[in-house]
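Colleague: Could you take me through this model? I would like to begin with the overall picture.

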Amino acid sequence: MKQAVGREPRRRSAGAGLHGGDPAYGAANVLDGDRNTYWCPDDGVTTPEIVLTLPGETTFDVVSLREHLPLGHRVDEWAMDRWTGEAWEEFARGVSIGARRLWRGDPVTTEKVRLRIVKAAVCPALTELGLHFLAK
Ligand SMILES: [Ca+2]
């Protein structure tokens, strides 16, 4: 598996801080390969977003998502978008994440991807967001 490593992700949930205002729960935690670190928005923020700016045009056909299970299954629905250069276009959607959710589909090429948590019981805690390309 070849991993497309994103640059510093930017959170886009307007006005919403990190959990307890603590930078230790920042969005970069979904890219650090450490399952003990996670991104967690503030209490009450149940539909946050993460935008990953990729190193350039990148093609992937697998997305890997992991929740931080010590805090339980929190995400009920999620979606992912690719940036077309002009607008966001949804390419994946699913229910629940849990220990690991793998999405696989047609190859997606883009410079930016966005993960949207569509529905969650409480503020989500995500430990990994990975993009991979599996040659068929
Ligand atoms: Ca992590």
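Modeller: The following turns go from the whole chain to single residues. This is a predicted model, in which local features need pLDDT of at least 70, side-chain atom pairs count only at pLDDT 80 or more, and totals for chains, interfaces and linings use all residues. Residues are numbered from 1 along each chain as its sequence is written.

Colleague: How many helices and strands are there in the chain?

Modeller: The chain has 0 helices and 7 strands. Helices (H or I, at least four residues) and strands (E, at least two) are DSSP runs, numbered from the N terminus.

Colleague: And what share of the residues is buried?

Modeller: Of the 136 residues in the chain, 34% are buried. A residue is buried if 20 or more other C-beta atoms lie within 10 Å of its own, exposed if 12 or fewer, and partly exposed in between, with C-beta atoms placed from the backbone.

Colleague: Which strands pair with strand 4?

Modeller: Strand 4 (residues 75-83) pairs with strand 6 (residues 101-120) in the antiparallel sense over 7 bridges. Strand 4 also pairs with strand 5 (residues 88-94), again in the antiparallel sense, over 6 bridges. Two strands pair if DSSP finds at least two bridges between them.

Colleague: Which residues stand opposite each other there?

Modeller: Asp81 has Arg114 in strand 6 as its bridge partner, and Met80 stands opposite Ala92 in strand 5. In the hairpin of strand 4 and strand 5, 4 residues lie between the strands, and Gly85 takes a positive phi near 105 degrees.

Colleague: Changing topic, what is in the largest nonpolar core?

Modeller: That core has 28 residues, and among those with the most contacts inside it are Trp39, Ile50 and Leu129. Strand 3 gives the largest share, 6 residues. A nonpolar core is a set of buried Ala, Val, Leu, Ile, Met, Phe, Trp, Tyr and Cys residues joined through C-beta atoms within 7 Å.

Colleague: What does Leu129 touch, then?

Modeller: Leaving aside neighbours within four places in sequence, Leu129 is in contact with Val30, Leu31, Ile50, Leu65 and Leu115. Contact here requires C-beta atoms, placed from the backbone, to lie within 7 Å.

Colleague: Is Gly44 buried or exposed, and why?

Modeller: Gly44 is exposed because 8 other C-beta atoms lie within 10 Å. Gly44 lies in the loop between strand 2 (10-11) and strand 3 (49-67).

Colleague: And where is Ala135?

Modeller: Ala135 is in the segment after strand 7 (126-133). Ala135 is 75 residues from Phe60 in sequence, yet their C-alpha atoms are 9.3 Å apart.

Notes:
Contact = placed C-beta atoms within 7 Å.
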